[in-house]
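Subject: The structure we talked about

Hi,

Here is the structure I promised you, with my notes below it. Have a look at it first, then read on.

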Amino acid sequence: TFVGYAFIYTLLLKPNTSQNIVIGGLSGAMPPALGWAAVANEVPMEAWLLVLIIFMWTPPHFWVLAMYRREDYARSGLPMLPITHGMKFTGLQVWLYTIGLAATTLLPFAVGMSGLIYLAAAVPLNANFLRHAWRVHRNYSDMAARKTFTWSIVYLSLLFAALLVDHYFRF
């Protein structure tokens, strides 16, 4: 993960491709697998589901930031998606990745990793994220992007908190 983030992402991908967030997102998503391996000496499917959730969350989270900070990215010379492909395309990608994220977050329930507590939290959390992403896609404003970025942080925290609560209080 360190080599992937520090060298592959930072030195190679970030300055050279507009897909830097998607490709480099895997390094940032790896902590659940690493932590699981450190504790249990194995990396089961459940750990990879957590990695997948973070991986799918990363693009809409960072692209909305890049949208409302586009002038800063343009000055930096980094090929962020809003600069290389435009705001409409980026807004569409935020929307599509958020749909994928919402579907991905239902997998822990679908495979029996979580129960109804998690599901009851994931559904409204996803609905709110989808609402934010739709606004960015259909009626972009810097304020909508800022709110979506802020929500994405709260969203991931609450989603994983719900998973933890579900683990200890599953019924």
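Let's start with Gly-91, which is buried, with a relative accessible area of 1%. By "buried" I mean under 20% relative accessible area, while "exposed" is over 50% and "partly exposed" is in between (1.4 Å probe, protein chains only). Before going further: this is a predicted model, where local features need pLDDT of at least 70, side-chain atom pairs count only at pLDDT 80 or more, and totals for chains, interfaces and linings use all residues. Residues are numbered from 1 along each chain as its sequence is written, and side-chain values use heavy atoms, with hydrogens and water left out.

Back to Gly-91: you'll find this residue in helix α7, which covers residues 87-104. (Helices, H or I with at least four residues, and strands, E with at least two, are DSSP runs numbered from the N terminus.) If we skip neighbours within four places in sequence, Gly-91 is in contact with Met-67, Val-136 and His-137, where contact means heavy atoms within 4.5 Å. For a sense of distance, the C-alpha atoms of Gly-91 and Leu-119 are 27 Å apart, and the two residues are 28 places from each other along the chain.

Now the core. Which residues touch the most other members of the largest nonpolar core? They are Trp-57, Trp-63, Val-94, Leu-101, Tyr-118, Tyr-155 and Leu-159, out of 42 residues in that core. At least two residues come from each of α2 (20-29), α4, α7, α9 and α10, and α4 gives the most, with 13 residues. A nonpolar core here is a set of buried Ala, Val, Leu, Ile, Met, Phe, Trp, Tyr and Cys residues joined through side-chain atoms within 4.5 Å. Tyr-118 is a good one to click on: not counting residues up to four places away in sequence, Tyr-118 touches Ile-53, Thr-105, Pro-108, Phe-109, Leu-159, Ala-162, Leu-163 and Asp-166.

Next, follow α10, which runs over residues 142-169. This helix has 28 residues and reaches 40 Å from its first C-alpha to its last, close to the 40 Å expected at 1.5 Å a residue. (The expected span is 1.5 Å times one less than the number of residues.) Its buried residues include Ala-144, Thr-148, Trp-151, Tyr-155 and Leu-159. What covers the buried residues of α10 includes α4 (45-68), α7, α8 (107-110) and α9 (116-138).

One residue of α9 to look at is His-132. Is His-132 buried or exposed? His-132 is buried, with a relative accessible area of 10%. Leaving out neighbours within four places in sequence, His-132 is in contact with Lys-147, Thr-148 and Trp-151.

α10 also has a residue on the outside: Leu-164 sits in this helix and is exposed at 51% relative accessible area. Leu-164 joins Val-165, Tyr-168 and Phe-169 in a nonpolar surface patch with about 470 Å² of accessible area together. Patches are made of residues with over 30% relative accessible area and no salt bridge, with like charges joined within 9 Å and nonpolar side chains (Val, Leu, Ile, Met, Phe, Trp, Tyr) within 5 Å. The areas come from the Shrake-Rupley method with a 1.4 Å probe, and for residues only the protein chains shown count as cover.

Then there are the charges. Side chains of opposite charge can pair when their charged atoms come close. How many salt bridges does the structure hold? There are four, a salt bridge being a side-chain nitrogen of Lys or Arg within 4 Å of a carboxyl oxygen of Asp or Glu. In one of them, Asp-142 meets Arg-70 at 3.0 Å, N to O. That pair links distant parts of the chain, with Asp-142 in α10 and Arg-70 in α5 (residues 70-76), 72 residues apart.

Arg-69 also bridges to Asp-72, at 2.3 Å from N to O, and Arg-75 forms a salt bridge with Asp-72 at 2.4 Å between the closest N and O atoms. Arg-75 and Asp-72 are about one helical turn apart, because they are three residues apart in α5. Through shared partners, Arg-69, Asp-72 and Arg-75 are joined into one network. Arg-75 is exposed at 64%, while Asp-72 is partly exposed at 30%.

Last, a small oddity. Most residues other than glycine have a negative phi. Asn-41 is not a glycine, yet has a positive phi of about 60 degrees. Asn-41 lies in the loop between α3 (31-40) and α4 and is exposed, at 71% relative accessible area.

Cheers
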